[in-house]
Amino acid sequence: MTVRDALVGLDVRDLLPRRRDYDLRPRTLGADLLAGTTVGVVALPLALAFGVSSGVGAAAGLVTAVIAGIVAAVFGGSRFQVSGPTGAMAVVLAPIVVDHGLGSVALVTVLAGLLVLMAGLLRLGRVVTFIPWPVVEGFTLGIATIIFLQQVPAAVGQDTGVGGNTLVTAVRAIGDAALALDSLALDATTLWSLGIVALVATSMVVLRRLHDAIPASLVAVVVATVLAEATRAPLARIGNLPDTLPVPVLPGVSASAVGDLLSAAVAIAALAAIESLLSARVAASMAPGGSVYEPDRELVGQGLASLASGLFGGMPATGAIARTAVNVRSGARTRLAAVVHALVILAVIYLATGPVGRIPLAALAGVLMVTSFRMIGAGTIRSVLRSTRSDATTFIVTAVITVGFDLIEAVQIGLVVAAFFTLRRLARASSVHREPLPGVAHEGDEHVALFRLDGAMFFGASDRILGEVTDASVRENVLVVILRLSHLGMVDATGAKALAELVTALEQRGITVLVKGVQPRHRKLMVTVGVLDELRHENHVFNTLADAVAHARSHVLRSAQGTDIPQLDGRR
């Protein structure tokens, strides 16, 4: 079936909003209003900070939080999910802004939204379950490291621009700041920037320990801004912000522009889908009494959210794990809480853009630095590193590639590394065992070899198993080999082909092969590949071990009496 055929026959009713998404009873309504207001207060400085760090600007961060926040809440698949600009998306978007210019953001956002929407319509929401835990945590650690490094220039009062390797840029900014401080006239901007970052970070840590309900990041930013204004500190500020939402505009589309941005849009779409589905899954596990989420509908909602955000001049949106967790902990009951969060930020756009524009960039840098440390805990890192050597390696490789190279490549390579170790473990768990014949020993039993195949007969283990059976059978002058296949958990085409080659090799050496316990789910593959056709006779397939052993002993007995077993017709 083609993609077009899939879409034509698609039933989308389960992907659309429903009346039961909301519960407007007074008690539930009050809980949603309180939770939404709390999340809005927490999300405001993050929306500003991620907009700035992506290179798109603080205004784009606010627009994304409002437009994408409402659309994703209404159309998404989680009743707790809070969507908007995130650190991972800011990291991906920054080099795109450098390479293609600020004017490319609207088009790449719309393209990515369409791709995520298509993934939801094609029911690809369960794909995220195939991403191993070490890959997810390694990716998260890498993102957190990049976010921290991105804030170093603002934290030391240096303007190094956007783009380039974050580690190199951070080291260069620190070097420039050190030179400025080393001069006879101490650089006031550097000192003030470091002081504001320290104030914000300390306030966020202390306030959170006092009470979880305190919007620590907002309070810290307000205190830092008031101090900077009162002292007329020489600090870079956010600057002027629009006091209304922009009018939606279709981005300029051309074949060349789409071609240039398509790979970037695919990377953004993949990141948006992965991050949003992971966030929704976390929210479902955090909900009191447990909850469920609809992954396909979540992709549809996130795709529509990025699409709408791009039309309004915003940036790509994803589900935000930190804000979603605040939403759940604040007592949210329905999607209304996420809608209220967006409306709170909308009120700021219309009522308070003047004061917001005076926020020092160093204050936002402090917020993001603390946020980066909270993205993945030390306990989680220890758990992954102490789990298994292969999982620890996968975790480290994913994190290093995320920081040093590319986010999407990091996930891809992480998956390859995880798959390699998984296949190696599966191959080691696959084995062949020589078993004694059941019951009372008979004369000639030494010429019958019973082999039990365990685990998986697949490309990673088939050659080794084939060699062990062949070597043992030839070395011990065996006349009959019984292959016990009932313990095989999985057989792939390569494994089935290896079994066919094993049967052929043994039969050509004059060793009769009997097969016992072919599972129904494996029979079709074995018939297709020709495993059973290579047996001397169709009656050499047995359902019970007793029948197989009895036939083998009969064969050995007749061989001892000098009577060959007749070559019967009816080979399969």
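The following exchange concerns the largest pocket and two buried residues of a predicted model.

Colleague: Which element gives the most residues to the lining of the largest pocket?

Modeller: The largest pocket holds about 1,300 Å³ of space. Of the 45 residues that line this pocket, the closest to its centre are Ile321, Ala322, Arg323, Ala325 and Arg374. Elements that give two or more residues to the lining include helix H2 (26-54), helix H12 (321-329) and helix H15 (361-374). The most, seven residues, come from H10.

Colleague: How many residues in the lining of the largest pocket are nonpolar, polar and charged?

Modeller: Lining residues were sorted by class, with Gly counted as polar. The charged class has eight residues, the polar class nine and the nonpolar class 28.

Colleague: Which side chain of opposite charge is nearest to Asp492, and how far away is it?

Modeller: Asp492 lies in the loop between strand E6 (488-491) and helix H20 (493-508). Beyond four places in sequence, its contacts are Met457, Phe458, Phe459 and Leu525. A salt bridge requires a nitrogen to oxygen distance within 4 Å. Asp492 is buried and has no salt bridge; the nearest side chain of opposite charge is 12 Å away and belongs to Arg464.

Colleague: Why does Leu502 count as buried?

Modeller: Leu502 is placed in helix H20. Leaving out residues up to four places away in sequence, Leu502 touches Leu466, Val469, Thr470 and Leu483. The cut-off for a buried residue is under 20% relative accessible area. Leu502 counts as buried because its relative accessibility is 2%.

Colleague: What distance separates the C-alpha atoms of Leu502 and Ser462?

Modeller: Along the chain, Leu502 and Ser462 are 40 residues apart. In space, their C-alpha atoms are separated by 9.9 Å.

Technical notes: Residues are numbered from 1 along each chain as its sequence is written. This is a predicted model: local features need pLDDT of at least 70, side-chain atom pairs count only at pLDDT 80 or more; totals for chains, interfaces and linings use all residues. Side-chain values use heavy atoms; hydrogens and water are left out. On a 1 Å grid over the protein atoms alone, a cavity is a set of points where a 1.4 Å probe fits but cannot get out, and a pocket is an open set with protein on both sides within 12 Å along at least five of seven lines; lining residues have an atom within 4 Å of a point. Grid points are joined across faces, edges and corners, and a volume is the space filled by probe spheres set on the points. Helices (H or I, at least four residues) and strands (E, at least two) are DSSP runs, numbered from the N terminus. Buried means under 20% relative accessible area, exposed over 50%, partly exposed in between (1.4 Å probe, protein chains only). Lys and Arg count as positive and Asp and Glu as negative; His and the chain ends are not counted. Contact means heavy atoms within 4.5 Å.
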